[in-house]
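Subject: A structure for you to look at

Dear colleague,

I am handing over the structure below, and I would ask you to open it beside this message while you read. My notes on what was found follow directly after it.

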Amino acid sequence: MSKFPIDTGIAGKAMIATGTVGTPNGIPAWPFENQTGTYGNFLNSSVLWCGVGGTINVIPSGTSISSLKVGVKGQDIVFKVLTAGTNYSSGTTFPTTDSNPRSGSGITVELTVLAGGVVSSIEIINGGSGYNVGDIITVVETGRPAGSTDCTFQILKLERGIPTADESIAVKVQAGQYLPIAIDYITSITTITEADIIICK
């Protein structure tokens, strides 16, 4: 992760950074990696040379935020229901909490329930981000009667998600130098313009 992919110190490809700074979108910026004609800002382990001094906020190569696959329904290889719970409602999107406070957030689900509000099926509506395999997720519905039991499921498999700007690090650069790490995204720049940056591979 974040290792220089160029051992000889010579770049075989280069382009100006115009249009590559901003919120990560997962779409390759290099034409040889993207034949669609619509280019994004995913730089895929590129190295940066900067012609002026300043600060560049970048996301190092290999950084991703794991998320649960959207649209998965019932019990799948993606997650396993641990407890069905009671007194849940059907047809509404519910938030969740994670058993690991240092892990992910943002999963929302829709439930199919049987008599007594017992959950028979879970559909992932929003996959959230930052989760780990093994995390136990609890479905939250406010207003259920006292004595209700919670519906919980365990994550078995995750997808590699697109990182957010929160994952970026600030690197101070001097004029005429390369950044010391390979990067996937440039999220913002200070006292530097896109035209000052050459992206190399």
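Cys-50 is a good place to begin, and please keep in mind throughout that this is a predicted model. The residue is buried, with a relative accessible area of 0%, and Cys-151 is likewise buried, its relative accessible area also being 0%. How many disulfides does the structure hold? It holds 0 disulfides. For Cys-50 the reason can be followed step by step: a disulfide requires two cysteine sulfur atoms within 2.5 Å, whereas the closest cysteine sulfur to that of Cys-50 belongs to Cys-200 and is 11 Å away, which is too far for a bond.

Next, please look at the open sheet, which is built from 6 strands in the order β5-β10-β9-β6-β7-β8, with antiparallel pairing. Its edge strands are β5, residues 79-83, and β8, residues 119-129, each of which pairs on one side only. On average, and with direction ignored, neighbouring strands of this sheet are turned by 35° against each other.

At the β5 edge, this strand pairs with β10 (residues 152-155) in the antiparallel sense over 4 bridges, and within that pairing you can find Lys-80 standing opposite Gln-154 of β10.

Strand β6 (residues 93-98) deserves a slower look. Which of its side chains are buried? Phe-94, Thr-96 and Asp-98 point to one face and are buried, while Thr-93, Pro-95 and Thr-97 point to the other face and are not. This fits a general pattern, because in a regular strand the side chains alternate between the two faces of the sheet.

The neighbours of β6 can be traced in turn. With β7 (residues 105-113) it pairs in the antiparallel sense over 3 bridges, Thr-93 standing opposite Glu-110 in β7, and the two strands β6 and β7 form a hairpin with 6 residues between them. Strand β6 is also joined to β9 (residues 136-139) by 3 bridges, these strands again running antiparallel, and here the bridge partner of Asp-98 in β9 is Ile-137.

Finally, there is a loop residue to find. Ser-61 lies in the loop between β3 (54-60) and β4 (65-67), and, with a relative accessible area of 8%, Ser-61 is buried. Its side chain is joined to that of Ser-45 by a polar contact of 2.7 Å.

With best wishes

Technical notes. Residues are numbered from 1 along each chain as its sequence is written. This is a predicted model: local features need pLDDT of at least 70, side-chain atom pairs count only at pLDDT 80 or more; totals for chains, interfaces and linings use all residues. Side-chain values use heavy atoms; hydrogens and water are left out. Buried means under 20% relative accessible area, exposed over 50%, partly exposed in between (1.4 Å probe, protein chains only). Two strands pair if DSSP finds at least two bridges between them. Axes are lines fitted to C-alpha atoms, for helices over the stretch in contact, and angles run from 0 to 180 degrees between N-to-C directions. A polar contact is a pair of N or O atoms within 3.5 Å; within protein, one must be able to donate a hydrogen and the other to accept it, and residues adjacent in sequence count only if both atoms are side-chain atoms.
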